Amino acid sequence: MKINKIFAAILCLMTIVLGSCKEDTYSPAEMLQTAQVYFPSDGQSVYDLVMANDFVSVSVPLHRVKTDDKITVNVTATGADGDTIKVAKTVTFEEGSNAAMISIDVKTAELGYDNFKTINLSIADEDYKTPYGYSSKTIIVGVPAPWVSLGDATYIEQFVGVLFGVDNIKYPVEIQENNLIPGFYRLVFPYDGKYEYNGDGQWDDTQTYYLEIHAENPDKVYISTQAVGMDWGYGMFMVGTLAGYYHDKGDEAKAEPYYGTLVDGVLTFPANSLLLAMTDYNNGGLYSGGDGTPILVLPGYTLADFSVSATYQGIFITPSEQTFAVVGVTKGEDAKTVKAVVVEASVDPAAVADAIASGDIEATDVEDDIVYVPTDGLTGSLQIVTVSLDGDVVKEIDAVPFEYYGGGSNPWVSLGMGLYCDDFIAPLFTEEGEAITYEVEILESTEKPGLYRLVNPYGAAFPLNEPGDYDPNATTYVEIDATDPDGVFILPQSIGLDYGYGPMSICTEGGRYLSNYDFETLKEYGYFGKLQDGVISFPVFVTEDGSTEYQGVTYMGSSGYYGGLNKSVSIALPEAVSASAKARANKAKAVKHADKAHGKVASKTMRLDKRLVKSAKKAI
């Protein structure tokens with residue numbers, strides 16, 4: 001039987017050890033006659049102090065072996081400034097005593113909270129040292145901030161959406177409360193790797209950042225402007241609230257409308273009262289945003305789900321010629337009272353919701369997943385306003401536009417088949433990153449000449465689409481406003497696609513800025529496209545760092561990406577399209593379909609990751 005290799009190795013080791021023991025002779029350690037002063041190895045190293053107006057003293061033990069005499073030992077210290085932190089230069093051992101204390105005095109009020117200092121202590125007298133003990137010791141002194149962890153809060157991020165097209169995501173973050181100031185909270189580094197939009201290297205990992213929240217008065221909650229340790233290439237992110245900005249300036253009157261509230265563990269700020277800045281973007285200017293929904297839920301509390309969403313599913317006409325909009329509704333578990341009404345598209349949905357809550361508008365109760373809402377004789381551009389109520393308080397609103405002409409004249413006339421060059425979607429989902437030109441039907445408004453619609457441009461006609469990417473029963477338009485041939489724009493609008501990154505919408509740069517600036521100003525500065533000889537084209541813009549040329553924006557969910565990267569977004573009206581141009585477009589479309597069949601298209605996989613800084617007005 002072979003001996004186990006491990007046991008063989010042990011036997012070999014024992015032979016070596018025993019052999020060496022036979023050859024070695026024992027030499028006792030030298031007996032020292034000095035005091036042999038040393039720092040004990042098991043002594044305290046970190047000293048948490050308390051805040052006080054006077055000095056707070058710390059005593060560090062020093063030991064010796066020979067105790068016959070009274071002696072004084074010199075001590076050196078590095079890391080003590082002699083003012084805020086004072087270290088005694090000598091320590092005295094009384095006769096017969098084997099221990100003495102090094103005195104350290106700290107002005108904690110000057111040191112401040114969480115400002116820990118490292119001090120290196122050493123025995124200065126060589127004659128008193130011993131080779132058998134430590135002749136130096138490192139200690140740390142400081143006043144820990146009075147924060148107590150409450151566990152994980154639920155953070156619903158809304159700040160980044162002020163300038164960037166990203167969704168408001170919900171995730172757990174540790175929250176601490178100041179035990180000296182009840183209601184003063186801080187989130188522990190909410191913008192490190194926990195924040196899913198952060199990539200490697202996009203946050204400062206050399207220290208811990210906190211988001212401090214002042215809720216000492218739960219009816220007047222504010223957040224002072226502060227760094228959060230994240231940088232997406234525009235400098236450090238700074239966040240705060242308008243209430244915090246004005247509160248810190250001592251302007252209570254201006255702060256009053258913007259305070260948040262902490263009710264039943266849920267923190268909410270008014271819409272457009274959150275602030276975001278990036279230190280290298282527009283000189284660190286503060287921009288406002290936020291949708292008025294909760295941003296934080298404390299541990300032990302839950303966020304009620306009053307959500308409601310609706311989809312238009314068509315028109316139902318009874319034998320007695322009563323007309324109803326067929327609406328599919330999805331409700332949150334706490335949305336017990338939901339009502340819906342059809343109104344004209346031009347009406348403010350928030351005003352409609354308030355009127356429903358007050359009883360001024362009679363609405364249809366939504367009790368099932370499908371509801372029939374009377375149109376009350378309305379035709380044209382309409383909308384379904386669905387509202388979730390808690391008593392007479394509006395909690396959530398959803399507005400879904402649709403068109404119904406009730407047998408009357410349709411204000412849109414078909415011009416025939418034109419050519420559309422898509423440079424919004426195709427470059428993001430093809431390996432080549434190219435734009436695609438293909439045929440689409442184009443309508444023009446009879447009521448507003450120059451207002452055009454592309455009919456289902458991202459439906460079956462779109463070369464990258466596959467079954468399931470779009471709703472074959474829905475009609476989706478892309479509207480182009482060319483009523484001023486020198487001021488053409490595409491407003492932000494849904495295109496009826498979702499490749500798994502959220503519902504898609506597009507707009508040109510001029511259309512994006514119209515929500516913040518007037519038409520004539522944008523036209524003067526060249527933000528709009530042109531309609532010339534039957535062809536619509538759009539200007540090209542360059543990012544501040546010069547790295548990207550683009551024409552507009554593609555949104556997936558609320559994540560924004562630069563559109564028009566090939567500078568090719570254009571529409572050729574039927575009157576301007578030659579037979580040869582149509583043939584070339586159809587050939588290119590056929591090639592794209594062939595590429596899909598051979599796996600050359602990066603189907604549903606994002607090719608680019610260019611996040612977009614949105615247009616926004618400075619808040620301050």
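Colleague: Which residue forms a salt bridge with lysine 220, and how far apart are the closest N and O atoms?

Modeller: Lysine 220 forms a salt bridge with glutamate 252, and the closest N and O atoms are 3.3 Å apart; the term stands for a side-chain nitrogen of Lys or Arg within 4 Å of a carboxyl oxygen of Asp or Glu. The pair links distant parts of the chain, 32 residues apart, with lysine 220 in the loop between strand 13 and strand 14 (226-231) and glutamate 252 in helix 4 (residues 252-255). Helices (H or I, at least four residues) and strands (E, at least two) are DSSP runs, numbered from the N terminus. Please keep in mind that this is a predicted model, in which local features need pLDDT of at least 70 and side-chain atom pairs count only at pLDDT 80 or more, while totals for chains, interfaces and linings use all residues. Residues are numbered from 1 along each chain as its sequence is written, and side-chain values use heavy atoms, with hydrogens and water left out.

Colleague: Which glutamate, in the loop between helix 4 and strand 16 (261-263), is linked with lysine 220?

Modeller: Glutamate 256 also forms a salt bridge with lysine 220, again with the closest N and O atoms 3.3 Å apart. This pair, too, links distant parts of the chain, glutamate 256 and lysine 220 being 36 residues apart. As for accessibility, buried means under 20% relative accessible area, exposed over 50%, and partly exposed in between (1.4 Å probe, protein chains only). Lysine 220 is partly exposed at 30%, glutamate 252 is partly exposed at 34%, and glutamate 256 is partly exposed at 41%.

Colleague: How many salt bridges does the count come to?

Modeller: The count comes to 15 salt bridges. Asp83, Lys107 and Glu110 are linked in a network of such bridges. In another case, the side chains of aspartate 365 and lysine 339 meet at 2.4 Å, N to O. That pair links distant parts of the chain, with aspartate 365 in strand 24 and lysine 339 in strand 23 (residues 337-344), 26 residues apart.

Colleague: In what order do the 4 strands of the open sheet stand?

Modeller: As a general idea, strands of a sheet pair through backbone hydrogen bonds, either parallel or antiparallel; here, two strands pair if DSSP finds at least two bridges between them. The order in this open sheet is 24-23-26-27, with antiparallel pairing. Strand 24 (364-365) and strand 27 (393-404) stand at the edges with a single partner strand each, so one side of each is left without a neighbour in the sheet. Strand 26 (residues 380-390) is joined to strand 27 by 11 bridges, and threonine 386 has aspartate 398 in strand 27 as its bridge partner.

Colleague: Which residues are the bridge partners of serine 122, in strand 9 and in the pairing with threonine 76?

Modeller: Strand 4 (residues 71-78) and strand 8 (residues 117-123) run antiparallel and are joined by 4 bridges, with threonine 76 partnered by serine 122 in strand 8. Strand 8 also pairs in the antiparallel sense with strand 9 (residues 136-142), over 6 bridges, and there the partner of serine 122 is serine 136.

Colleague: How many aromatic pairs are there?

Modeller: A pair of aromatic rings is described by the distance of the centres and the angle of the planes. Rings of Phe, Tyr and Trp (its six-membered ring) pair if their centres lie within 6.5 Å; planes under 30 degrees apart count as stacked, over 60 as edge-to-face and the rest as tilted. The count comes to 31 aromatic pairs. Tyrosine 155 and tyrosine 191 form an edge-to-face pair, 6.1 Å centre to centre with 90° between the planes. Tyrosine 155 lies in strand 10 (residues 147-156) and tyrosine 191 in the loop between strand 12 and strand 13 (210-214), so the pair ties together parts that are 36 residues apart in sequence. The rings of tyrosine 191 and tyrosine 195 have their centres 5.4 Å apart and their planes at 75°, so this pair is edge-to-face. Tyrosine 191 is buried at 1% relative accessibility, and tyrosine 195 is buried at 0%. One aromatic cluster includes Tyr155, Tyr191, Tyr195 and Trp232.
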